[in-house]
Amino acid sequence: TITDPAAVCAPGTVDITLPAVTAGSDAGTLTYWTDAGATSALATPGAVAVSSTYYIQLDVAGCTVVQPVVVTINPQPNLVITDPAAVCEPLTVDITAAAVTAGSDVGTLTYWADAGATIAVPAPNAIPVTGIAYIQLEDANTCTTIQAVNVTVNPQPNLVITDPAAVCAPGTV
């Protein structure tokens, strides 16, 4: 009896040797194969890294049966980041603008202050300071990827004015 393992996101792997995969089967010796004829052994059944149909063979007292097991490893979503244009104070930068993630896969975007996605950016549509923020994309398979986005908010230049000395006409200043 085979229960296909749950899908995982790349770069994750799937362990088809787990008891849950063959729960309900008779006791015997299990072997793992890349083909239904059980002629090409699966090198790493405890860490399968490629989506495909593999095969499990059960041997009980010299009698064998081979059944397929489907492994699904979903790719990480593609997240393309284009750093937004620099602005000058008191303007802010909007990292939620469509142009920042144009060309990315469809999914849900979230905005973070750290690469570990533990501190949310409080106002991603109005960032007032220079720094690095992170955008995370989660697709329909709940697979995620995160990328840095550079935010630049330049300070106002300091312009100091000293009035020139007065002159008498017809002089010029």
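Strands are taken here as DSSP runs of E of at least two residues, numbered from the N terminus. In this predicted model, strand β8 spans residues 131–138 and contains Q136. Q136 has a relative accessible area of 16% and is therefore buried, the limit being under 20%. Beyond its neighbours within four places in sequence, Q136 is in contact with T108, L109, T110, W112 and A117, and also with T144, T145 and I146.

Strand β8 also takes part in the largest nonpolar core, which has 14 residues. Within this core, the residues that touch the most other members are V93, I95, I127, A133, I135, V149 and V151. Two elements, β8 and β9 (144–151), give two or more residues to the core. The greatest contribution is that of β8, with 3 residues. For I135, residues up to four places away in sequence being set aside, the contacts comprise L79, I81, I95, V100, T101, L109, T110, Y111, T145, I146, Q147 and V149. A second core, separate from the largest one, consists of 11 residues, among them V14, V69, V71 and I73. In soluble globular proteins, nonpolar side chains tend to be buried together.

An open sheet is formed by 3 strands in the order β2-β3-β4, with antiparallel pairing. The edges of the sheet are occupied by β2 (29–33) and β4 (63–71); each has a single partner strand, so one side of each is left without a neighbour in the sheet. From one strand to the next, the twist averages 25 degrees. Strand β3 covers residues 52–60 and runs antiparallel to β2, to which it is joined by 5 bridges. One of the residue pairings between these strands involves Y32, whose bridge partner in β3 is I56.

The loop between β1 (8–9) and β2 contains A27. With a relative accessible area of 69%, A27 is exposed, because the limit for that class is over 50%. When neighbours within four places in sequence are left aside, the contacts of A27 are with L58 and V60. A27 and T145 are separated by 118 residues in sequence, and their C-alpha atoms lie 41 Å apart in space. T145 is itself among the residues in contact with Q136 and is also touched by I135. The two residues examined for accessibility thus fall into separate classes: Q136 is buried, whereas A27 is exposed.

Terms used: Residues numbered from 1 in each chain as written. Predicted model: local features only at pLDDT ≥ 70, side-chain atom pairs only at ≥ 80, totals over all residues. Heavy atoms only, no water. Pairing = 2+ DSSP bridges. Helix = DSSP H or I, 4+ residues; strand = E, 2+ residues; numbered from the N terminus. Axes fitted to C-alpha atoms, helices over the stretch in contact; angles between N-to-C directions. Buried < 20%, exposed > 50% of the residue type's maximum accessible area, 1.4 Å probe, protein only. Contact = heavy atoms within 4.5 Å. Core = buried A, V, L, I, M, F, W, Y, C linked by side-chain atoms within 4.5 Å.
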